[in-house]
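Take a moment to look at the structure below, and follow the strands and the place where the chains come together as you read.

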Amino acid sequence: MRAKDLTVKPGIVGLSAVTSVGRDWPSTWHALLEGKGASLSFLQFGSEFSLDVPVSGVIGLDRSCTEHPTRGATSRLAEMVLTPLSRGDNDSARLYGASNHSESDILLQLSRELPDDSSLWRGLLVDPIPEQLLGSAGNWCSSACTSSLHALFAALMDFSETRTERDAIVVGADALSAVGVMGFLRAKASTHGECRPFNLKHDGILIGEGAAAIRLRYPCSDCGPIKILGFGMSCDAFHPTDPDGAGIWLEKAIRDAVRRTGCDVTDIAAIISHGTGTPKNDLVEGAVYERIWPEGRIPITSIKGALGHTMGASGLLNVLVAVEASKTGLIPPTLGGDGYVIHGLDLVQGMPRQIKSSSLVLAVASGFGGNNCACVIGPDSL
Amino acid sequence: MTMKLHVTVAAGFGGADDGGNFPGVGRLDNATLELNSHLRHARYYGRAACLVAATVSRLQMGLRSPTDLTGLVCNGGPWNLCTSWSFLSRAREAGPAYVNPLQFPATLVSATATAGGLSVGAHAFSYVVGYDHFAFFETLLRAAQAVRFDFAQRVLTIGVSTSDTAIETASEKAGICEPLDVALGFAIDRSSVGTHFDLLGVTNEEEFLLNYPAAVRYEAVWSKEGLTFPLSIPVSGHDAMGATGAVLILSAAMHHERLASSARGGPEFAVSLRDDNRFMAAVFRLGNGSLFAHWITGLAIPQRERRSLR
C-alpha cells in the first residue's frame, strides 16, 4: 500500500514573534541581522528564588496571575503573537499551539500560597493556553523544544489530507520558568556567562522566552513563492535529556526533509540550526552537519546566542528565520563566536552572510526525549 | 481513497481476569507500577509516565510483527503537576541547588511520551497532543496521518489518565471530579497480523460519517452536566480526561463485537464525541482478533444507559 504524498504546500500569509530583542517579527529579524542579543540575570525578573543565572527575557512582560487568574506569562506571550495574525472573532483559521511547561506561573503562585481561588486550581488541571487562546477547536502539541514544529507538521498534514480551502495559524510560546531555570542549572546545562553555540568554549544554554506564530493559507495566489517545502521528523529514543551521541536519527530527519522536498542535500544553501550552546548538543549536531555537508560546505547559524533558547517556541522561530533568509538571502550571525568554532563547520559570525535569495534553507530543532524535526523552506518553483 | 489501518489494543491494567474491571481501569500502587514500567529511574517520571510505559510494554507483547519505525502519541493532561510541585517544594525547603535533576524532565508536559518512547524505541516521534476530552481522538488522527504520510510504519497511541496527590488536591480545590486511573494503548499499523479491528477513518468533520452509512454509531456528548454515552462505562464519579476517547472506543468495540456475533450488527461501527463547538469521530471495522472475549466475560454492558462522568 503506497503512502500518501504531502503535496499541498500552503502559502505563508504572515509571521509574528515576541522575543527578548523585539516586540514583533520585523524588529526581531532586524536585531538578529544587527547581531543584537539580550541577556540579564534571572534575578531581574522577580523570581522568589535567588538564581543569579543569565537569561534572555522579554522586558516588561506581565508575569502576574492576579488580574487574569488562570493566565500567566506564557498565555500572554501567545496572545501577543496571535493578535497581529488574527482577524478577530470571525476568524475561521484553525489554530495549532505548543508549549513546554504550560503555565508554571500559576503553579508557583499556588504552591506558595495554597489559596482557595478555584479558577487558579482549574488552570492547573485544564491548560489555560489551549483552552482560552486556541478555543475549543484548537490543536495542541507538546514535545519539549520541538513542540512548535510538531504543531506545524500537524497543520501541514491537515492541509494535505483535507485539500480544502482554509487558513491555519501555528503558535509556539514559552515563558521563563523557575522550574526550567533550576532544572537546567542542576543538570549543568545552563551557561554562566555567554552562550556560544558551536564554539569550543561553549558551556550551556542561555535560557530564553518568547513566542512565534505563522499564518498559512491554501490555496493562496498572493502569498509569495516562499513555502515550507518538506519536513522530516525522528526520535533518538535514547535518553530523557541527552541526544544520541551518534546523531543518526537527527541525520535521518534532515535527510527525510530534503528527500520529501524532491531535492538533494547539495541544493540546501544554509542551515538555521538548533545550536543550543551545550557541548552535548553542539558536538552531535555539528558532527551530523559535517557528515552531510563535509568540510564546511554550508553556512550554519544559531539564533540562541541572541534570543536565548525559547523552548517550545524555538523550532518555529527557526522556521521564521529560514523564511526570511530564503526571501532576502541574508543569514543572521551567531552571537558568542570568537573563532573557536567546532572543526568542520562554516559558522556565520560577526556579519550577516549573503546567500543567493530564493535559496533553500533548512530549519532544525531537537528536544528532550530525543525528538528531532527538520524543515526545508524555499521557493515553490524549485 | 482512505487507507485502512489496523488496530491492536492493550490495557495498562488487568481486565476481567483481575477482578471484573473494565480493561485498562484499575489502581496499582506506585511501587508495582514503577516496576511494571521497566523505566530506569521510574520513580522520578511520575505516575502517568509509568502508566504509559507499562501500557506500551503490554501492547508490545500483543504485536506479533516487529517494525522498523515506530511513533508514539499520548493524550495531554496535568500529568507533570505532581513532579513540578515536588520540585518546587524541594527548592523552597532546601534551596534551588538541592533540587533533583533526575526529576527535571518529568516537569515537562511531554514526559509521558518520552517515557513511552524510550520503552518502545519510538524512532519516528514521541509527543503529546490534546489537553481535553477530545485528546485521544486527536492522537488517533495524528497516528493515522503519520502512517499514511509515511512518517512511521506503526504508531502507538496511549490514552492515559491518573490521579496523584497534587491532582487530587487541585481537583478538590477546583471543584472538578478526580481523574480516573486508566491506561489504554492502541497500535495503529499498516500490517494486519494479530490485530483486533481496522481503523477506517478518524475525523473532525461530521460529513465524513456519510461515507459509512452502514456503521452502527456510538455517540457521546460532552456538556456542562458531564458525559452521556449510550453504553455504561466504568467511570462513574470520575473523569477520564484526555483518555475519554479511548474508554469510549473500547466500550463500543466490546459491545459491537457482541452485537456482531449475534448477527444484530454489521462489522462497521463509529464512535463520536461532541460538545457545543467541536466534533470528532473514528470509524472502525471489527477484525479477526478475539482478545475482547476474555475482557467481556463478567462484564454487563447494558445498552442505551446514560451516565454522567461528573
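In this predicted model, Ser142(A) stands opposite Val128(B), a residue that lies in β3(B). That placement belongs to a pairing between the chains, in which strand β5 of chain A, made of residues 139-142, and β3(B) are joined in the antiparallel sense over two bridges.

The strand pairing leads on to the contact between the two chains, where 52 residues of chain B are in contact with 49 residues of chain A. On the side of chain B that touches chain A, at least two residues each are supplied by α3 (81-94), α4 (111-120), β3 (125-129), α5 (135-148) and α6 (165-174) of chain B. Of what is given to this side, α3(B) provides the most, with seven residues. If the residues of this side of chain B are sorted by character, they divide into 28 that are nonpolar, 15 that are polar and nine that are charged.

Chain A also has a sheet to follow, an open one of three strands in the order β2-β3-β7, whose pairing is mixed. Because β2 (40-41) and β7 (207-208) of chain A stand at the edges and each has a single partner strand, one side of each is left without a neighbour in the sheet. Within this sheet, strand β3 of chain A, residues 54-56, runs parallel to β7(A), and two bridges join these strands. To find a particular residue pair here, look at Ser56(A), whose bridge partner in β7(A) is Gly208(A).

Conventions. Residues numbered from 1 in each chain as written. Chains lettered and ligands numbered in written order. Predicted model: local features only at pLDDT ≥ 70, side-chain atom pairs only at ≥ 80, totals over all residues. Contact = placed C-beta atoms within 7 Å. Helix = DSSP H or I, 4+ residues; strand = E, 2+ residues; numbered from the N terminus. Nonpolar A, V, L, I, M, F, W, Y, C, P; charged D, E, K, R; others polar. Pairing = 2+ DSSP bridges.
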